[in-house]
Amino acid sequence: MAKDIEVAEAGSFSAKDYQDPPPAPLIDAEELTKWSFYRALIAEFIATMLFLYITVLTVIGYKSQIDGNADPCNGVGILGIAWAFGGMIFVLVYCTAGISGGHINPAVTFGLFLARKVSLIRAVMYMVAQCLGAICGVGLVKAFQKSYYTKYQGGANILADGYSTGTGLGAEIIGTFVLVYTVFSATDPKRSARDSHVPVLAPLPIGFAVFMVHLATIPITGTGINPARSLGAAVIYNNEKAWDDQWIFWVGPFIGAAIAAFYHQFILRAGAIKALGSFRSNPTV
């Protein structure tokens, strides 16, 4: 602690270290003329396709393993499914963060748009790319596992029996809040200056957030927290129950993302600015 105070007194925390990048313009038509924009769209499409392929295949594989087997430990279990989702997010965010930001989720994109991290054009196009990638990813699962796909509900998100609509919606809101809040915290530009003594690999906490949320909410909704994931499975499975519950997996994540954006940007960050002013006024505290 004493060492940290000495560093602060030496002036390591300059004003520019705490300046956010300028907010993204609401409409940035110039993006449409840049190859980097289309490269980012391709990255989001491919990443979401791979995400859905691996995770939905894991879900269907697990169900086929336990079918007719009295041993509850047979197969990867809920823990393995949660690891598949969290692990793939970790891998894919790590791979695409430098190209597209590694959103792979319309709710994450929506939260970052509300925080003025991305423009409206980029946000909308990312969501389109993510949804198309999800549909293609689940399509690949059906193509390779056609005999099991329909039998085991195609990995679609539906509200489990015994749970009310309110419970399912609340689970999606809170689960997405945890994810998007983690995204904001792990990618906070001030972290490098404020917490430089704590190295953080951003994809790791994000992947762990997805893992933990899946452990909690798989029994309730199968865990959506990603509208593209839910839409892709619903489109390919094309079941009435999956479509009836689809709104839960859009409204819940978008509400959760909006709350996380507001909480991080207007409460936590505002508090950090006030604390910085107090710290500078009395550096010996």
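The chain holds 12 helices and zero strands. The structure is a predicted model. Read from the N terminus, the elements run α-α-α-α-α-α-α-α-α-α-α-α. Of the 285 residues, 45% count as buried. Among contacts between residues at least 6 apart in sequence, 81% join residues at least 24 apart.

**The nonpolar cores**

The largest nonpolar core has 49 residues, and the members that touch the most others are F51, Y149, L179 and I206. At least two residues of this core come from each of helix 2 (35-66), helix 3 (77-96), helix 4 (106-114), helix 5 (120-144), helix 7 (165-186), helix 9 (203-221), helix 10 (227-237) and helix 12 (248-281). Helix 2 contributes the most, with seven residues.

The surroundings of F51 can be listed by name. When residues up to four places away in sequence are left out, F51 touches F85, M88, I89, L92, I104 and N226. There is also a second, separate core of seven residues, among them L169, I173, I248 and F249.

**Two covered helices**

Helix 4 and helix 10 are described here in turn. Helix 4 is mostly covered, since seven of its nine residues are buried. These buried residues are P106, A107, V108, T109, G111, L112 and F113. In helix 10, 10 of the 11 residues are buried, so this helix is largely enclosed by the rest of the structure. The buried residues of helix 10 are P227, A228, R229, S230, L231, G232, A233, A234, I236 and Y237.

Both helices have a polar contact at the start, which is set out in the table.

| Helix | Side-chain oxygen of | Backbone nitrogen of | Separation |
|---|---|---|---|
| Helix 4 | N105 | A107 | within 2.8 Å |
| Helix 10 | N226 | A228 | within 3.1 Å |

N226, whose side-chain oxygen reaches the backbone nitrogen of A228, is also one of the residues touched by F51. The residues that come after these helices have their own backbone feature. Helix 4 is followed by R116, which has a positive phi, near 65 degrees. Just after helix 10, N238 takes a positive phi of about 50 degrees.

**A buried arginine**

Is R269 buried or exposed? With a relative accessible area of 6%, R269 falls under the 20% limit and is therefore buried. R269 is found in helix 12, one of the helices that supply at least two residues to the largest core. The C-alpha atom of R269 is separated by 9.5 Å from that of K190, although the two residues are 79 apart along the chain.

**The surface**

The accessible surface of the chain comes to about 13800 Å², and 66% of this area belongs to carbon and sulfur atoms. A nonpolar patch of about 850 Å² on the surface is made by I78, L79, W83, Y94, L201, L204, F208, M212 and L215. Helix 3 and helix 9 are the elements that give two or more residues to the patch. These two helices also each supply at least two residues to the largest core.

Within the patch, I78 can be examined individually. I78 is placed in helix 3. Its relative accessible area is 35%, which lies between the limits of 20% and 50%, so I78 counts as partly exposed.

Methods: Residues numbered from 1 in each chain as written. Predicted model: local features only at pLDDT ≥ 70, side-chain atom pairs only at ≥ 80, totals over all residues. Heavy atoms only, no water. Core = buried A, V, L, I, M, F, W, Y, C linked by side-chain atoms within 4.5 Å. Buried < 20%, exposed > 50% of the residue type's maximum accessible area, 1.4 Å probe, protein only. Helix = DSSP H or I, 4+ residues; strand = E, 2+ residues; numbered from the N terminus. Contact = heavy atoms within 4.5 Å. Polar contact = N/O pair within 3.5 Å; in protein donor to acceptor, adjacent residues only side chain to side chain. Areas by Shrake-Rupley, 256 points an atom, 1.4 Å probe, with all protein chains shown as cover. Patch = residues over 30% accessible without salt bridge, like charges linked within 9 Å, V, L, I, M, F, W, Y side chains within 5 Å. Salt bridge = Lys/Arg side-chain N within 4 Å of Asp/Glu carboxyl O.
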